[in-house]
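Q: I have a new model open and would like to learn how to read its strands, its loops and its overall form. Could we walk through it together?

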Amino acid sequence: LVISWQEVRNNSVYSMSEIKIGDASQFRRFLSNGEYGSASRYHTSEMVRSVNAVVGCNGDYYGIRQIGTVVFNGQLMRMDGRRMDSCYIDSKGDLHMVEAGEIVAKDDMEKFIADNGIRFSLSFGPILVEDGKALRVKNPYCVGESGDPNPRAALCQKGELHYLLVLCNAQYPYMNTQLLQTFANTLETFGVEKAYNLDGGRSGALIMNGELVNNIYERQIRDIIYFATALPGGG
């Protein structure tokens with residue numbers, strides 16, 4: 001079940017998709033050309049359509065930087081846990097938030113992946129909401145310009161197999177973009193248990209049924225997160 005809508009908060013347009021799935025395997029990450037390390041870039045909408053997703057959005061644009069830990073298909077592809085908060089998605093579809101500096105050794109990360117059944121990760125951040133409460137956002141932070149108003153994007157979990165994708169940007173006549181702390185505080189009001197900051201700016205695109213939900217000029221990127229149908233033949 002996916003419901004997408006828009007509403008105005010703080011003179012910004014919030015574009016949201018609430019998602020409930022039947023099995024954790026329906027929550028997936030796709031990298032450009034279906035492989036880690038590909039230099040090819042595509043619009044979010046192109047990648048979402050290519051995997052026949054019901055709904056999807058941009059990920060962390062992992063290929064534009066060499067910092068941050070990357071797990072893909074259960075395998076540790078890059079290890080650097082020193083500077084960025086990470087979000088790990090396990091075999092049950094749950095989000096595990098790990099702060100920068102919490103896991104920095106490769107052996108410890110491989111044990112964490114095995115112990116928790118981690119399928120893939122996102123490396124952007126920071127963590128915005130934990131245990132239903134907005135956190136004090138790190139500022140300065142190594143990516144995302146947390147101290148400046150910008151278009152924002154977040155992956156949120158509301159419960160078991162229950163998620164919210166939230167993007168916030170200016171759309172005429174509502175011309176504000178958000179400080180990251182304001183964004184985190186707003187996410188708390190949506191009743192989410194956890195929220196993790198994704199790449200924002202022009203990367204922040206929300207796609208449902210192959211069409212843009214938010215009004216943005218898409219940037220070409222290298223990865224998405226998405227939700228697939230469980231219906232045979234794609235429904």
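Q: Which residue is the bridge partner of V55 in strand 16?

A: This is a predicted model, so please read everything below in that light. To read a bridge, pick a residue in one strand and look across to its partner in the neighbouring strand. Here V55 has M208 as its bridge partner in strand 16. A little further along, C57 is matched with L206 in strand 16.

Q: How many bridges join strand 5 to strand 16, and in which sense do they run?

A: Three bridges link strand 5, residues 55-58, with strand 16, residues 206-208, and the two strands run antiparallel. You can follow this in the pairs themselves: V55 goes with M208, while C57 goes with L206.

Q: What does strand 5 pair with besides strand 16, and what is the partner of C57 there?

A: A strand can have a neighbour on each side, so check both. Strand 5 also pairs with strand 19, residues 223-227, over four bridges in the antiparallel sense. In strand 19, C57 has I225 as its bridge partner. As for side chains, in a regular strand they alternate between the two faces of the sheet.

Q: What is the order of strands in the open sheet, and which strands are at its edges?

A: Reading across the sheet, the five strands come in the order 3-19-5-16-17, with antiparallel pairing. The edges are strand 3 (27-31) and strand 17 (211-212), each of which pairs on one side only.

Q: Now for a loop. Where does D80 lie, and is D80 buried or exposed?

A: D80 sits in the loop between strand 7 (75-78) and strand 8 (86-90). Its relative accessibility is 8%, so D80 counts as buried, the cut-off being under 20%.

Q: What does D80 touch, and which side chain does D80 meet in a polar contact?

A: Leaving aside residues up to four places away in sequence, D80 touches Q66, I67, G68 and T69. The side chains of D80 and R82 are joined by a polar contact of 3.1 Å.

Q: And the whole chain: how many helices and strands are there, and why does its radius of gyration agree with a compact globule?

A: The chain has three helices and 19 strands. A compact globule of 235 residues would have a radius of gyration near 18 Å, and the chain has 16 Å, so the two agree. The C-alpha trace spans about 50 × 45 × 35 Å along its principal axes, and 52% of the 235 residues count as buried. Of the contacts between residues at least 6 apart in sequence, 72% join residues at least 24 apart.

Notes:
Residues are numbered from 1 along each chain as its sequence is written. This is a predicted model: local features need pLDDT of at least 70, side-chain atom pairs count only at pLDDT 80 or more; totals for chains, interfaces and linings use all residues. Side-chain values use heavy atoms; hydrogens and water are left out. Buried means under 20% relative accessible area, exposed over 50%, partly exposed in between (1.4 Å probe, protein chains only). A polar contact is a pair of N or O atoms within 3.5 Å; within protein, one must be able to donate a hydrogen and the other to accept it, and residues adjacent in sequence count only if both atoms are side-chain atoms. Contact means heavy atoms within 4.5 Å. Two strands pair if DSSP finds at least two bridges between them. The radius of gyration is taken over C-alpha atoms; the globule rule is 2.2 Å times the number of residues to the power 0.38.
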